Amino acid sequence: MMRRLVCGALLACACLGAHAHRFHAGITDISFNQGTGSIEVVHTYMAHDVEALLANLYQRQFDLSDPQDEAVLRKYVEKQFYLLAPDKSRLPLRWVGVTSNVDTVVVYQEVEKTPLASAARVHDAVLSDFLPDQINTVNVNRGGATATLTFDRSKTEQPLP
């Protein structure tokens, strides 16, 4: 009887784990670094979602510590996320790097020597082209005040507050 209870408990835990990842979300923080004079952009995504996307696109496993695999992610992020100037031209977002662990993938970008006022709009379709229920939250920090924008598959571009 005890064995049956333990097996049942283990099965219940396994089922809960399988259903624990029921939402798909990303968070991006945009701010101005007065020390460098640059716009800094930091994206955080669930590692499982990024791994699933890359495996789906390329039918193989990825190791983001490998520069070639990082380049694949870079190409995707640069296509799906960008900042627009008032004239609708893209601001030159420079890839700074990526860090990852079992839970998250964090991408770092910057627009060098550019004030935040130069960014008029943000386009964010990262993962929403792959996961229908992906929600991306963008926090914009202007002088200590934070404004939040929400993006999904139906809303991929908005003016910066």
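## A walk around the sheet

Start with the whole protein as a surface: about 9,400 Å² is exposed, and carbon and sulfur atoms supply 57% of that (Shrake-Rupley areas, 1.4 Å probe). This is a predicted model, so local features need pLDDT of at least 70 and side-chain atom pairs count only at pLDDT 80 or more, while totals for chains, interfaces and linings use all residues. Residues are numbered from 1 along each chain as its sequence is written, and side-chain values use heavy atoms, with hydrogens and water left out.

Switch to cartoon and you'll find three helices and nine strands (DSSP runs: H or I of at least four residues, E of at least two, numbered from the N terminus). Six of the strands make an open, mixed sheet ordered 4-5-2-1-7-8 (a pair needs at least two DSSP bridges). Its edges are strand 4 (94-100) and strand 8 (145-151), each paired on one side only.

Now select 38-46 and 104-111: strands 2 and 5 run antiparallel, joined by eight bridges. One to click on is I39, whose bridge partner in strand 5 is V111.

Next, add residues 67-80. Helix 3 packs on the sheet here, touching strand 2, strand 4 and strand 5 (contact: heavy atoms within 4.5 Å).

Last stop: S128, in the loop between strand 6 (121-124) and strand 7 (134-142). Is S128 buried or exposed? At 3% relative accessibility, S128 is buried (under 20% is buried, over 50% exposed, partly exposed in between; 1.4 Å probe, protein chains only). Leaving aside residues up to four places away in sequence, S128 touches Q134, D152 and R153.

Key:
Axes fitted to C-alpha atoms, helices over the stretch in contact; angles between N-to-C directions.
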